[in-house]
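Student: I would like to go through this model strand by strand and then look at how the chains meet. Can we start once the structure is on the screen?

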Amino acid sequence: MHLLDCPINHIAEIAVFSTGGGYGESCVVHLGNQKWMVIDSCKDPKTGLVLPLDYLNEIGVNIEKDLVMIVCTHWHDDHIRGISEILSIAKSSEFCFARATDLRKFLTIVKMDYVKAPNDPTISSTIEFNKCLHICESRGSQIKYAQSDRTLLNFNIDKLHTEVISLSPSDLTSEEFDKELSTLFISCKNNIKIETKTPNDRSIVLYFKFNNVSALLGADLGVSDNKKAGWYNILNYCVTRDSKSSFYKVAHHGSRNSHHIRIWDELLDKNPIACLTPWNRKTKLPENEMLKELCKLSTDIYMTIPNPNDKPKKRERQVEKLINDLNKSVKEAKYERGMIRFRIDMTDPNPTWEIALLENAVHVNALNL
Amino acid sequence: MIKDYLHIRNLSIVILGDFNPVIIQPFWLLEKKLIRELEAIDANVEVIHNEISKFDLKWVTIEITKERCQFRTSMESHFELVRDLAINIFEILKETPLKSLGINHEFHFALPHDEQYYNFGNNLVPLKNWDGFLNDPKLLNLEIVEAERKDGLNGLLRIKIQPSDQDLPTNNKILISINDHFTIDKNKGETGRKSEMINILKCRWGDSFERVDNIIEEIWNKVK
Amino acid sequence: MSMESTTINEKYLAEFSSYFEKESSSIHNEYLKILNSRVKFYKEILSENSSDLEKVVDKDFNPDNELVSKGFHLKFPLQRSILKITKYSTSLQKWIGHVLDIDEFSFTARIDELNRTNDIYETAEFNKSEISSEDLKLLEIGAIFYWNVGYSVENGQKKKESIVMFKRDREWSEDDFNLAIDQANDLYSKLKVS
């Protein structure tokens, strides 16, 4: 990594990391006055390095003292790897996740998944989450629920006012998740990885206010059919969000299901800075057509890394040949890093975002789509 | 690498304890949804008796006496299924006392050249030490034990090297058997012992294989 | 040779019937047919006049074994016997997978190498036609399976093999639920939530 330094107190920062779409993403936010926040976590699959942790160490942040909140936006493999490692070091940090109407039931599901096979790679998200809960328990530290219109953090120090507000999940979504937990409870099996049907619906959209500037991080929230869930709930019912944002981390990797023109018209400034991270499993996101549409909405669309082309893993020739003979579809999820750092001066009366594209990050508008 | 000469790999999981051989049989496994229906129907049952049971499900042979339960397979593709089956059986049979566990690996190699075969034995046990008072000495069997496990668990590792009796492409056939044996502390009580044993199968399985694979390569590197 | 051993088998049949309570199930009846044929076989070979007796007595049999004292001489090895292995399989690569997506004719999965040294994973698509009909019943999102690529050898004939085996695990017992609930309750009582 290069060009890395610790921002001074009045420079707010949002650093977005991603890993080529297969291994997760994370954001690190400087809230001002050396207060830091981490949103989700991801790891280098080869070295095990926790990317947000590595960044904070690189720029010399006192993680133990100055990391004040870690948010797990939703319980998905690609948003949670390494999060317990960060929490174990960040002794002053609160752990925040989406409100569970029945916490006891939710904890039971976590435990049911965890006891199956502690070393099973298919349940790494449960293992991480379980560890985080136990760190909080042993420390006696606070767990904070995120839900619609909830202020998670509020600082006012040396004329720097920072607020962090969760805009989701909605009350209805939380209640429906509770019902879903009941069905998981009944259908729990040892040979099935627990997958909640709608993890994205519960993901936490965060609204940041840095003095006069605001930023919106869209997590993986989608546009639901139900007006009291997803983006509709935020657009129609959220009251805490009081100004349009000049920065938007585009929801759910720029998928069509998470896009609505009202988000751009009602929640964002004209021509905002927008940042995307790719997704790469069976489908690749963002789709090219979607990128073109986004480019019409802003001239400042950035992507942490273009979606890589997956290829078969390199193996011994005999093995490669046999795999190719028997199943040509086997592809390795390629790991590549991308990072974009966005900074803004909270004390500037006419602040503008300063953008640093690092590693494989690209300015989408400049691409030949 | 010696793995280039490997032809057959066998695995057996051996558990010592107090068993009721009559219980573990194909239709019980089917009732517990641990095997397919066709596997239960097609099972080759040699005997089911309160002293001994033995049956073959095509991918695993299960043999149980009152003191010993063995799951044995030559299907490398099914090793994890065999492990899962053993774990599931003894998680269901909560009351069955277990005393010790062995994960036994067998490797049948066929070396392409006579000289390699001779050197293998000669480098393991230098035959010049046996010259003079024996006529044309040859190594037949070798057994080495690691009495204190490297991983800190109770038990031992036993390695046996002998000629292989299997039909292999050449006559230069070697069998290396590695018994990865775990003894469970009696003081833990029956529930504790069973938990530990099942935990070893769940969490130490990969380590056992990795250790054994390293041993095989180390032996080869020393003697080739 | 005494007939005590046949008594043992008949006694076993009675014990088995009571143990396996589902008397009307086809599984039970199927099994009894097999067992009856075995008992018949043993009765024949155990008869005093049977010339087959010698064929089945294992001269290497452990003399301390209780079965011998009960007159139950049969040739089944308790120790590893010198058997020729005519059917075996080898593995060139193994994975553990979990199902991500299911289509009409295929499913996609994330697969992790079983002997992996890092967290790099792969994805693959599998045709449903490659899966056994009984395993297809286990196919659902999140289902875990093993995939092996290698060779199978039977009676000297070697062929390439790709085999998908869905994980079969015991059902959750009341104790399992109770353990998870107890652990969850314990954690719940200690967590501070706002």
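Student: In what order do the 9 strands of the open sheet in chain B lie?

Tutor: Keep in mind that this is a predicted model. Chain B holds 6 helices and 9 strands. The pairing in its open sheet of 9 strands is antiparallel, and the order is E2-E3-E4-E5-E1-E6-E9-E8-E7.

Student: Which strands of chain B stand at the edges of that sheet?

Tutor: A strand at the edge has a single partner strand, so one side of it is left without a neighbour in the sheet. Direction ignored, neighbouring strands here are turned by 10° against each other on average. The edge strands of chain B are E2 (44-48) and E7 (142-146).

Student: Which residue in E9(B) stands opposite B:Phe109?

Tutor: Strand E6 of chain B covers residues 98-110 and strand E9 of chain B covers residues 173-183; the two pair in the antiparallel sense over 11 bridges. Opposite B:Phe109 in E9(B) stands B:Ile174.

Student: Which helix of chain B lies across E6, E8 and E9?

Tutor: The helix in question spans residues 205-223 and runs at about 140° to E9(B). Strand E8 (155-163) is among the strands of chain B that it lies across. The helix is H6 of chain B.

Student: What percentage of the residues of chain B count as buried?

Tutor: The C-alpha trace of chain B spans about 60 × 40 × 30 Å along its principal axes. Among contacts in this chain between residues at least 6 apart in sequence, 62% join residues at least 24 apart. Of the 224 residues of chain B, the share that counts as buried is 41%.

Student: Turning to the sheet of 6 strands, which strand of it comes from chain A?

Tutor: The order of this open sheet is E16(A)-E3(C)-E2(C)-E1(C)-E4(C)-E5(C), with antiparallel pairing. Strand E5 (157-166) of chain C and the strand from chain A stand at the edges, each with a single partner strand, so one side of each is left without a neighbour in the sheet. The strand from chain A covers 331-332 and is E16.

Student: Which helix of chain A packs on this sheet?

Tutor: The helix touches E1, E4 and E5 of chain C, and its direction makes about 55° with that of E1(C). It spans residues 317-326 of chain A and is H11.

Student: How many bridges pair E1 with E4 in chain C?

Tutor: E1 of chain C takes in residues 87-102, and E4 of chain C residues 144-154. C:Ser89 stands opposite C:Ser152 in E4(C). The two strands pair in the antiparallel sense, and the number of bridges is 11.

Student: Which element gives the largest share of the side of chain C that touches chain A?

Tutor: In this interface, 42 residues of chain C are in contact with 44 residues of chain A. The residues on the chain C side divide into 19 nonpolar, 10 polar and 13 charged. The largest share, 9 residues, comes from H6(C).

Student: In which sense, parallel or antiparallel, do E6 of chain A and E6(C) pair?

Tutor: Strand E6 of chain A covers residues 142-146, and 2 bridges join it to E6(C). A:Gln142 stands opposite C:Lys192 in E6(C). The sense of the pairing is parallel.

Student: Within chain A, which residue in the turn between E7(A) and E8(A) has a positive phi?

Tutor: E7 (residues 150-157) and E8 (residues 160-166) of chain A run antiparallel and are joined by 7 bridges. They form a hairpin with 2 residues between them. With a phi of about 50°, the residue is A:Asp158.

Student: Where do the buried residues of helix H8(A) fall, seen down its axis?

Tutor: In H8 (residues 230-237) of chain A, the buried residues are A:Gly230, A:Trp231, A:Asn233 and A:Ile234. What covers them includes helix H9 (261-267) of chain A. Seen down the axis of H8(A), they line one face of the helix, because they fall within an arc of 160°.

Student: Which helix gives the most to the largest nonpolar core?

Tutor: Of the 94 residues in this core, A:Val29, A:Met37, A:Ile70, A:Val71 and A:Leu206 touch the most other members. Another core, of 68 residues, lies apart from it and has C:Ala109 and C:Phe126 among its members. The helix that gives the most to the largest core, with 6 residues, is H5 (residues 103-114) of chain A.

Notes: Residues numbered from 1 in each chain as written. Chains lettered and ligands numbered in written order. Predicted model: local features only at pLDDT ≥ 70, side-chain atom pairs only at ≥ 80, totals over all residues. Pairing = 2+ DSSP bridges. Helix = DSSP H or I, 4+ residues; strand = E, 2+ residues; numbered from the N terminus. Contact = placed C-beta atoms within 7 Å. Axes fitted to C-alpha atoms, helices over the stretch in contact; angles between N-to-C directions. Buried ≥ 20, exposed ≤ 12 C-beta atoms within 10 Å, placed from the backbone. Arc of directions from axis to C-beta. Nonpolar A, V, L, I, M, F, W, Y, C, P; charged D, E, K, R; others polar. Core = buried A, V, L, I, M, F, W, Y, C linked by C-beta atoms within 7 Å.
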